[in-house]
Amino acid sequence: MAQFDLNINGKKHSVDVDPETPLLWVLRDNLKLVGTKYGCGIAQCGACTVHFNGSAVRSCQVPISAAQKNEITTIEGLSESGDHPVQKAWLEHDVPQCGYCQAGQIMAATALLKNNPSPSDAEIEDVMNGNICRCGTYNRIKAAIKSASQTV
């Protein structure tokens with residue numbers, strides 16, 4: 001076990017965990033930030049996507065030892081009141097079905113729009129390709145991202 005000082009959602013946290021513990025489990029089990037979901041554990045589904053220094057990463061593959069001294073944002077830190085343009089577009093386009101993948105989808109979409117405020121359909125598909133939606137709302141996801149790009 002080792003002590004790690006983290007910056008998550010703009011707040012300082014200190015945890016005492018094994019250095020190889022994935023960030024996902026520290027978020028969920030130690031810090032009770034359960035919006036980030038466990039899907040596959042091998043970085044293939046995108047359910048655990050968070051922002052790591054502004055870039056979308058799969059938290060299941062980031063050891064906590066690599067997270068120290070970096071800015072981490074989870075779905076809980078994206079917007080205190082749920083009014084981020086991507087979150088609003090998600091509701092406007094009725095994207096969520098079961099909802100399990102939505103935090104990861106939203107985090108990937110917000111990172112995309114931060115880096116490319118006016119993405120083409122092909123660019124959206126390329127970036128979002130690794131985020132699996134079991135309900136198949138891909139067309140709604142793309143429409144929501146296009147809509148959010150108008151207000152970001």
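## The largest pocket

In this predicted model, the largest pocket holds about 170 Å³ of space. Its lining is made up of Ile8, Asn9, Lys11, His13, Leu33, Glu76, Gly77 and Glu80, and two elements, β2 (11-17) and α3, each give two or more residues to that lining. Sorted by character, the lining residues divide into 2 nonpolar, 3 polar and 3 charged.

## Overall fold and dimensions

The protein contains 7 helices and 5 strands, which follow one another along the sequence in the pattern β-β-α-β-β-α-β-α-α-α-α-α. Among the contacts between residues at least 6 apart in sequence, 55% join residues that are at least 24 apart.

The C-alpha trace spans about 45 × 25 × 25 Å along the principal axes of the protein. A compact globule of 152 residues would have a radius of gyration near 15 Å, and the protein, with 15 Å, agrees with this expectation. Of the 152 residues in the protein, 44% are buried.

## Two nonpolar cores

In soluble globular proteins, nonpolar side chains tend to be buried together. Here the largest nonpolar core has 21 residues, and those with the most contacts inside it are Val86, Trp90, Met128, Ile141 and Ile145. The elements that give two or more residues to this core are α3 (75-78), α4 (85-92), α5 (102-115), α6 (121-128) and α7 (138-149), with α5 giving the most, 7 residues.

Val86 illustrates how parts of the chain meet in this region: leaving aside residues up to four places away in sequence, Val86 touches Ile106, Ala109, Thr110, Leu113 and Ala148. A second core, separate from the one just described, has 16 residues, and Phe4, Val26, Leu33 and Phe52 are included in it.

## A buried threonine in a loop

Thr74 is placed in the loop between β5 (71-73) and α3. Is this loop residue, Thr74, buried or exposed? The relative accessible area of Thr74 is 0%, and because a residue counts as buried when that value is under 20%, Thr74 is buried.

The surroundings of Thr74 can also be described through its contacts, again without counting residues up to four places away in sequence: Thr74 touches Ile8, Asn9, Leu27, Leu33, Thr36, Val50 and Met107. Among these partners, Ile8, Asn9 and Leu33 also belong to the lining of the largest pocket, and Leu33 is included in the second core as well.

Key:
Residues numbered from 1 in each chain as written. Predicted model: local features only at pLDDT ≥ 70, side-chain atom pairs only at ≥ 80, totals over all residues. Heavy atoms only, no water. Core = buried A, V, L, I, M, F, W, Y, C linked by side-chain atoms within 4.5 Å. Buried < 20%, exposed > 50% of the residue type's maximum accessible area, 1.4 Å probe, protein only. Helix = DSSP H or I, 4+ residues; strand = E, 2+ residues; numbered from the N terminus. Contact = heavy atoms within 4.5 Å. 1 Å grid on protein atoms, 1.4 Å probe; cavity = no way out; pocket = protein on both sides within 12 Å on 5 of 7 lines; lining within 4 Å. Points joined across faces, edges and corners; volume = space filled by probe spheres on them. Nonpolar A, V, L, I, M, F, W, Y, C, P; charged D, E, K, R; others polar. Rg over C-alpha atoms; globule rule 2.2 N^0.38 Å.
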